[in-house]
Amino acid sequence: MDVFQAFKEEKQKSHKVDAFYTPSKPVSSPSNLRGRDEEIQKILGALTTPGRHCMIYGDRGIGKSSLALSTLEGGRKHQILPEHVFQYRCIKNTTFKDIIEKAALFIDEAYRHNKTETTKKFGARARFLDIFSLEGTREEKITIEKEELTANKAATVLHHLDSVMLIDEFDVVRDDVKHEVAEFVKQLSDASSPFKVLIVGIGSDGAALIAGHQSVIRCMHEIKLPRVEDKYLSEIIESGEAGLGLTFEPAIKNSIIEISSGFPYFTHLLCKESAEEAIRKSADVIDKVIFEQALIVAVKNTEGQLKRCYDLAVTSSRTDMYPKILLSAAKFNNEQFSVKSWIEQIFDDHGLTLTYGSMNNYTGKLIKAERGEILQLVRRGVYKITDPRMPSYILMCHNAVP
Ligand SMILES: Nc1ncnc2c1ncn2[C@@H]1O[C@H](COP(=O)(O)OP(=O)(O)O)[C@@H](O)[C@H]1O
Ligand SMILES: [Mg+2]
């Protein structure tokens, strides 16, 4: 077979891999979403109850965007949720105007096309819609833009609309924008509006995500997203086995699940690299040899921030102690641990006896920014790995050592 043909065939096969294992994009179809039935029900419940809105929060990579997108997709398909869904992914400089822009443009468009029902609903064209429309002179628009675009005005115009607005990565926006969104949601809620808001972001509690706005917390159904249970991680592996005609040896499956520790991101990543490696080798079974190769690639392809943080923590030191003690720290998963139990774990893992003095030296460095702040001091003598995904990454690095 010539090189072009071989390349083409391999490419086609790896395209197929991307249909089952998607480490770098959220799941958007409910049929690929595993183990979230309870959460889906709660979201649908909130979004179909007058005055209620919804908020999903949890760790990075736990599956928040996937849950939101799949629920909206399924809800729409089954006509439980409205046809129109607006999505916005926030960045640091996002303004309130950016967030509501799509919905405003939608109304504006409908109004300009003079659809009778819309005209009836919205009455005279709301002045603030001119900010979003392409009509009007530059001067006119500048004057309008100087007027404040408040939550109140936005709610007045949008509250007739039967839609859901998904605001993802809400944790990164400025507090004043959070305040405005909170006020907007409250106004919608007070008006029992069919316009629903689904807020998604990283956080350990819902109040923090919405910057402590008590009034809106009352009308928000909060969902703290837990890790995905092992049996559902198995299902992720198995869906690809069936679809790609591959088999993961049971021991490899267990390793993937153990490394993932509830984060579907790692399951997808490890399965993708394993499947691609198997395809390259024309193998049907993913065994230890293929998996070890896949691990090396997976470590290279891990999301940047995790990798940078770990590299900062372990490199530029003259000792090889850091990877060792971090591996032992990773064994506690995301639980906090005392230095005493850490010393014991290090002994179990590596047969090394470390003193409190030397541990002090290491922890002093590992909580610093120069070392990626890989550790956090919880209280005196008690630490925690900062990024909840880090234990998985550490286990992966450790297993990837040839
Ligand atoms: N319930 C799930 N079932 C299967 N795969 C999932 C599930 N939730 C998330 N994933 C996968 O995990 C990874 C991270 O999901 P994502 O929704 O982007 O997380 P977050 O938004 O919390 O950072 C993606 O690769 C996605 O495909
Ligand atoms: Mg996300």
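Here is a short chat about how ligand 1 sits in this predicted model.

Biologist: Where do I start: how many residues surround ligand 1, and which are the closest?

Modeller: Start with the shell. Here 21 residues surround ligand 1, and Thr22, Gly61, Lys64, Ser66 and His268 are the closest. Sorted by class, that shell has 8 nonpolar, 7 polar and 6 charged residues.

Biologist: Which helices and domains supply the shell around ligand 1?

Modeller: Map the shell onto the fold. Helix 3 (64–77) and helix 14 (264–280) each give at least two residues. Domain 1 (3–22 + 229–301) and domain 2 (36–224) each contribute at least three.

Biologist: What polar atoms lie within reach of ligand 1?

Modeller: Look for N or O pairs within 3.5 Å. Lys64 puts a polar side-chain atom 2.7 Å from a ligand 1 oxygen. The backbone joins in too: a polar atom of Arg34 is 2.9 Å from a nitrogen of ligand 1, and one of Pro23 is 3.3 Å from an oxygen.

Biologist: And how much of ligand 1 does the protein bury?

Modeller: Compare the ligand alone with the ligand in place. On its own, ligand 1 exposes 560 Å², and the protein buries 91% of that. The space ligand 1 takes is the largest pocket.

Terms used:
Residues are numbered from 1 along each chain as its sequence is written. Chains are lettered from A and ligands numbered from 1 in the order in which they are written. This is a predicted model: local features need pLDDT of at least 70, side-chain atom pairs count only at pLDDT 80 or more; totals for chains, interfaces and linings use all residues. Side-chain values use heavy atoms; hydrogens and water are left out. A residue is near a molecule or strand if one of its heavy atoms lies within 4 Å of it. A polar contact is a pair of N or O atoms within 3.5 Å; within protein, one must be able to donate a hydrogen and the other to accept it, and residues adjacent in sequence count only if both atoms are side-chain atoms. Accessible areas come from the Shrake-Rupley method with a 1.4 Å probe; for residues, only the protein chains shown count as cover. On a 1 Å grid over the protein atoms alone, a cavity is a set of points where a 1.4 Å probe fits but cannot get out, and a pocket is an open set with protein on both sides within 12 Å along at least five of seven lines; lining residues have an atom within 4 Å of a point. A molecule sits in a cavity or pocket if more than half of its atoms lie within 2 Å of its grid points. Helices (H or I, at least four residues) and strands (E, at least two) are DSSP runs, numbered from the N terminus. Ala, Val, Leu, Ile, Met, Phe, Trp, Tyr, Cys and Pro count as nonpolar, Asp, Glu, Lys and Arg as charged, and the others, Gly among them, as polar. Domain bounds come from an automatic or database domain assignment.
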